[in-house]
Each structure stands twice: as structure tokens, then as C-alpha cells.
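Work through these exercises with the sequence and the 3D view open. Try each task before reading its solution.

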Amino acid sequence: MLSPKQIAEALQVSESSVKRWCDSGRLKTQYTSGGHRRVGTKSLLQFLRDSNKTLVHPELLGLPAFPADENADPEKLSEQLCEALLNLDETRSRQIISELYLSGLSVLQIMETIIVPALHLIGDRWQCGDVQIFQERRGCEIVTILIHDLRRMIDEPPAEAPQAIGGAVSGDPYKIPSLVIETVLKEIGWNATSLGENLPLETFASAIDALNPTMLWLSLSYLRDVNQFLQEYQTFYQKYGDRVAIIIGGRAATPELLKQMKFFSYCESAERLVELCQTWSTIQQPHQTS
């Protein structure tokens, strides 16, 4: 919780201006037992995004300072992020992402137009032999930090919001896709939880029994044994296909594979999943599968 004085110092404005924003309701404010104004960091960040105010000293809020580049386009920014990741430059990577968020971009836009393309660039350079294993591994760890940064800037959905859980199946070591899904769903008001990577279908079944979610996403970036997965999935779907909306995604979810599966929906991107969730009240019930 921040005081008007702290906010004034971070924005380089007068303390009286901050108090006026608090009292007018422009800046969501709580009050101490002594009547002092206090503002949560998330509320301040939302105010900055809505009002286009400049955060002169972001370090006072625990954010890295970074001069805005108004002429930078998404392709250029994703290339900059790619270079920062390959240079193991966590500070620069966080600077790029925090500046984009404060500029007003949604978490989904940052994920889809900057972070994911940067990872694809790293993958392309890996295939060409221009990237070492340590660079790719540490780059992925930094991306995980970036996603957690973005998640901390989002208000927690209310307890009564629809719940989604998910993760990567057995043999799939990629955790980033599910972290992306968790974060973009939280942004639109879903109680989303990534269970992790390399998870057998049996543990997804246990999670459904314990948490009773509305939706389950299965990330299929890599399948070690397609036939074994299909056999296990068929059994899993027979038991849980009527209880939860199963969403399939990932590059291993080929048209050939999908033809052999039953599911509620296939989403080729986080953007498509967000669109689906935003129209949730108008779509069919989970047991009416694709």
C-alpha cells in the first residue's frame, strides 16, 4: 500500500494532486483507521494505464526504469526482447515488458505480439545452431519471471468467477504455454490455475475431483507416445468429458490427432481461448463436444 507522498514522488507531481485523485475516485483508495489515504500498487498501475500519466521513477514501485520508444513496433520489440533473453539480461527484459504494460497494452497483447514471437525467434535460431543450450534455458526462465511480473499487476478475480485449471501432459516439459493461459484468463476475470508441466492424465482427474472446475485446458506441445496418449485420453474423456469443458491446444495437437479425440474446443492460440471464455455464457454446455 502506497501513501500519496510516495505516489507523488514516483510520478513527480504534487502530493495535493494525488490526494485530489484519491478523493474524486479516479484513484481507488483505502483509508487507515486514522483516516490516512492508501493506494494499492495494482490500483495505481491501472490508474496510470487509464490516465496516460508518466511514471517518472518506477523503481520506487519496484519496477525497472526504461525510456519509452514510441516508434517501436511489435516486431522490433519482440526482436529486442529476443536479444535481451539470449544475452541473459533479465533487467532489460523486464524493462521492455513493464513499459509495454504501463503504455496500456493488455497482458494478452503483450503475450501474443511480443513474448511469444520472441520465443519463436529463439526457437528459429536454435534450429540454425546460433543459440546455445544455456541461452535457451535461461531465456525461458526469464520469460517465466516476466509472466509472473504481469500476473502480479492483475487484480485477483472474485471467488465466484468461473474456474479453469490446466497444464502440460506427460512427457511435455514446456511450462510457459500454461503460464500464459493462466495469466490471460486471470486478466479477463477467470480463476485460472496452471498445475504445471509433464502431468499424467490421472492427476488431472484428481484435480477435477478436488476442485470441480468449469474448464480444463490440456497443453500438447510435445507427445512422447501418441498412441499411448490417445488410449489414456479416451478413458479420461469417458469419465470427465461430461463434467468439465476440455480445451485442447499446442503444436502437437495436429489435425490427425484431433480427429481421433473428443473435446469441447480446440484453441490454436491464447487469443482464441480468451475469445471463447469471454463469450462463455452464450456457448453450449461442456457435454456437447466438438
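**Exercise 1.** Which residues of β5 point to one side, which to the other, and are they buried or exposed?

*Solution.* Note first that the model is predicted.
Step 1: sort the strand by side. Met215, Trp217 and Ser219 lie on one side of β5, and Leu216 and Leu218 lie on the other.
Step 2: check burial. The residues on both sides are buried, so both faces of β5 are covered.
Step 3: count. The tally for β5 is 5 buried residues out of 5.

**Exercise 2.** Find the strands that pair with β5, and give the direction and the number of bridges.

*Solution.* Step 1: take β3 (163-169). This strand runs parallel to β5, and 5 bridges join the two. One place to look is glycine 167, which stands opposite leucine 218 of β5.
Step 2: take β6 (245-249). The pairing of β5 with β6 is also parallel and has 5 bridges. Tryptophan 217 has isoleucine 247 of β6 as its bridge partner. Serine 219 is partnered by glycine 249 in β6.
Step 3: trace the connection. From β5 the chain passes through α10 to reach β6, a β-α-β crossover that is right-handed.

**Exercise 3.** Describe the two sides of β6, then find the pairing of β6 with β7.

*Solution.* Step 1: split the strand. Ala245, Ile247 and Gly249 point one way from β6. Ile246 and Ile248 point the other way.
Step 2: check burial. All of these residues are buried, which gives 5 of 5 for β6.
Step 3: look at β7 (residues 265-266). This strand pairs with β6 in the parallel sense over 2 bridges. Isoleucine 247 has serine 265 of β7 as its bridge partner.

**Exercise 4.** Test the length of helix α10 against the expected span.

*Solution.* Step 1: count residues. Helix α10 covers residues 226-240, which is 15 residues.
Step 2: get the expected span. At 1.5 Å a residue, the helix should span 21 Å.
Step 3: compare. The end C-alpha atoms are 20 Å apart, which agrees.
Step 4: inspect the start of the helix. There, a side-chain oxygen of aspartate 225 comes within 3.2 Å of the backbone nitrogen of asparagine 227.

**Exercise 5.** Which residues of α10 are buried, and which are exposed on the other side?

*Solution.* Step 1: list the buried residues of α10. They are Phe229, Leu230, Tyr233, Phe236, Tyr237 and Tyr240.
Step 2: look down the helix axis. The buried residues of α10 fall within an arc of 130°, so they line one face of the helix.
Step 3: turn to the other side of α10. Asn227, Gln231, Gln234, Thr235, Gln238 and Lys239 are exposed there.
Step 4: find the cover. The elements over the buried residues of α10 include β3, α9, β5, β6 and α11 (255-258).

**Exercise 6.** Asparagine 198 and asparagine 212 have a positive phi; where is each one placed, and how exposed is it?

*Solution.* Step 1: take asparagine 198. Its phi is about 55°, although this residue is not a glycine. Asparagine 198 sits in strand β4 (residues 191-199). Its relative accessibility is 43%, so asparagine 198 counts as partly exposed.
Step 2: take asparagine 212. Its phi is near 50°, again positive in a residue other than glycine. Asparagine 212 lies in the loop between α9 (201-211) and β5 (215-219). With a relative accessible area of 56%, asparagine 212 is exposed. The cut-off for exposed is over 50%.

Conventions:
Residues numbered from 1 in each chain as written. Predicted model: local features only at pLDDT ≥ 70, side-chain atom pairs only at ≥ 80, totals over all residues. Heavy atoms only, no water. Helix = DSSP H or I, 4+ residues; strand = E, 2+ residues; numbered from the N terminus. Buried < 20%, exposed > 50% of the residue type's maximum accessible area, 1.4 Å probe, protein only. Expected span 1.5 Å × (residues − 1). Arc of directions from axis to C-beta. Contact = heavy atoms within 4.5 Å. Polar contact = N/O pair within 3.5 Å; in protein donor to acceptor, adjacent residues only side chain to side chain. Pairing = 2+ DSSP bridges. Right-handed = clockwise from strand over helix to strand, strands pointing away.
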